[in-house]
Amino acid sequence: MNNETGHKDISAFIVKWSTLFIIHLTVFIYSSCQPKQVTPVDGLIGKVWKAKSVKEGTTVVYTDGGTGNVKPGYSGFRLDLTKKDQVTLKDIDGRTLTGTWSVSTDNTRLILEKLQPNPTGTVGTIEYLFLSLPTATNMNIQRTAESRKTGNSINEYELVPE
């Protein structure tokens, strides 16, 4: 084999493997950039929830079983999601609201709509942000808008099944 033929063979080999490498690298990069499948959480949260702890703004006002609770009315707080698309919310003041519920498609928000009677300062909708992915035994949510009923605070709820 002469020197010129050897260089052509090596060049062809390098081009072939470089092309394959670039193709594989492109496929790898593309596949790793695909959006992750979102696992629906509505099957996990379809139960009656009660308050384990509640924060109004930055102040903890209720802890289940606590003796010095600033807002003991949260002991009656219930969020009933047992019926698909139907919600019953018993708020801090004992008032019961009914409407529909859903989880946003990206699993970031719990949405209560068509609530009757209308919650104070709303048009019948309350939204909560999931602070962490709900589990069968724990749901941490934060109201996305201020609650006029609690002094215009953004409230956080750690909920557990009843």
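Start with β5 and strand β6 (residues 109-116): the two pair in the antiparallel sense over five bridges. Keep in mind that this is a predicted model.

**Stop 1: the β5–β6 hairpin**

Select V103. Opposite V103 stands L110 in β6. Now go to the turn. Five residues lie between the strands of this hairpin, and N107 takes a positive phi near 60°.

**Stop 2: L110 and the core**

Stay on L110 and show its neighbours. Leaving aside residues up to four places away in sequence, L110 touches I45, L79, L81, W101, S102, V103, I126, E127, Y128 and F130. Next, widen the selection to the largest nonpolar core, which has 27 residues. Which residues have the most contacts inside it? They are I45, L79, L81, L110, L112, M139 and L159. Colour these residues and keep them on screen; three of the names, I45, L79 and L81, are also in the contact list of L110.

**Stop 3: back to β4 and β5**

Select β4 (86-90) and β5 (96-103). The strands β4 and β5 run antiparallel and are joined by four bridges. Pick V87 to see one pairing: its bridge partner in β5 is G99. The two strands form a hairpin with five residues between them. In that turn, G94 has a positive phi of about 85°.

**Stop 4: the D91 and K149 pair**

Select D91 and K149 and show side chains. They meet in a salt bridge, 3.2 Å from N to O. D91 sits in the loop between β4 and β5, while K149 sits in the loop between β8 and β9, so the pair ties together parts that are 58 residues apart in sequence. Buried or partly exposed: how does each partner count? D91 has 12% relative accessibility, so it counts as buried. K149 is at 28% and therefore counts as partly exposed. Add D93 to the selection: D91, D93 and K149 are linked in a network of salt bridges.

**Stop 5: S147, in the loop of K149**

Move to S147. This residue is found in the loop between β8 (139-143) and β9 (155-161), and K149 lies in the loop between β8 and β9 too. S147 counts as buried because its relative accessibility is 5%, under the 20% limit. Display its contacts. Beyond residues up to four places away in sequence, S147 touches N152, S153 and N155.

**Stop 6: K52 and E158**

How many salt bridges does the structure hold? There are nine. Select K52 and E158 for another of them, with the closest N and O atoms 3.7 Å apart. This pair links distant parts of the chain: K52 is in strand β1 (residues 48-56) and E158 in strand β9, 106 residues apart. K52 has a relative accessible area of 39%, so it is partly exposed. E158 is partly exposed as well, at 22% relative accessibility.

**Stop 7: K84 and D85**

Finish with K84 and D85. These residues form a salt bridge, and their closest N and O atoms are 3.8 Å apart. Check the surface around each one. K84 is exposed, with a relative accessible area of 52%. D85, at 39% relative accessibility, counts as partly exposed. Side chains of opposite charge can pair when their charged atoms come close.

Notes:
Residues are numbered from 1 along each chain as its sequence is written. This is a predicted model: local features need pLDDT of at least 70, side-chain atom pairs count only at pLDDT 80 or more; totals for chains, interfaces and linings use all residues. Side-chain values use heavy atoms; hydrogens and water are left out. Buried means under 20% relative accessible area, exposed over 50%, partly exposed in between (1.4 Å probe, protein chains only). Contact means heavy atoms within 4.5 Å. A nonpolar core is a set of buried Ala, Val, Leu, Ile, Met, Phe, Trp, Tyr and Cys residues joined through side-chain atoms within 4.5 Å. A salt bridge is a side-chain nitrogen of Lys or Arg within 4 Å of a carboxyl oxygen of Asp or Glu. Two strands pair if DSSP finds at least two bridges between them.
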